[in-house]
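These are my notebook entries on a single chain. I set out to look up its strand pairing, its nonpolar core and the surroundings of selected residues.

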Amino acid sequence: MRNERFPLMQGDLVNSRGSTQIHYRPQWMEKTANYTIADIDTVWIFADATAGNMTITLPAAPDDRRVIGVKKIDGTANTVTVDSGVGNKIDGARTKVLAASMAATQLLCVGKRGGIYQWWTVPN
């Protein structure tokens, strides 16, 4: 899926001064209802909670070092809850709530620690 903001796709080759380089573009999707992120899904989820509160659930068994971003893109008082899934944690908690308009979080899976997958918040 190409768009004007991010014209390159993962794997695109770009010739820069005679050398070939691979450039990666963040892939993204917009959601308007509860959604569980699949292992093969995109990097960024833009959540529109205009119709009501919604939950974005992280993958149950993610790859180490996987990064996922979630951004609330509406101006309503509804919330977007990022759920780590059963038994997993986001900075030690099960969920992270995005309540403010345009609030965002970027999460890094640091692997299993104590038998559960841990997601840490990283700077946007």
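**Strand pairing**

I began with I45 and looked up its bridge partner in strand 7, which is V70. The model I am reading is predicted. I then checked the two strands as a whole: strand 5 and strand 7 run parallel and are joined by 4 bridges.

I next traced the sheet that holds them. It is an open sheet of 6 strands in the order 3-5-7-11-12-9, and its pairing is mixed. I noted strand 3 (28-31) and strand 9 (89-90) as the edge strands, each of which pairs on one side only.

**Nonpolar core**

Which residues touch the most other members of the largest nonpolar core? I found I56, L58, V70 and V80, out of 20 residues in that core. I then listed the elements that give two or more residues to this core: strand 5 (44-47), strand 6 (54-57), strand 7 (67-72), strand 8 (80-83), strand 11 (104-113) and strand 12 (116-122).

I returned to V70 and looked up its contacts, leaving out residues up to four places away in sequence. V70 touches W44, I45, I56, V80, V82, L98, A103, A104 and T105. I45, the bridge partner of V70, is thus listed among these contacts.

**T57**

Is T57, a residue of strand 6, buried or exposed? I recorded a relative accessible area of 19% for T57. The cut-off for buried is under 20%, so T57 counts as buried. Not counting residues up to four places away in sequence, T57 touches Y35, T36, I37, D83 and G85.

How values were computed. Residues numbered from 1 in each chain as written. Predicted model: local features only at pLDDT ≥ 70, side-chain atom pairs only at ≥ 80, totals over all residues. Heavy atoms only, no water. Core = buried A, V, L, I, M, F, W, Y, C linked by side-chain atoms within 4.5 Å. Buried < 20%, exposed > 50% of the residue type's maximum accessible area, 1.4 Å probe, protein only. Contact = heavy atoms within 4.5 Å. Pairing = 2+ DSSP bridges.
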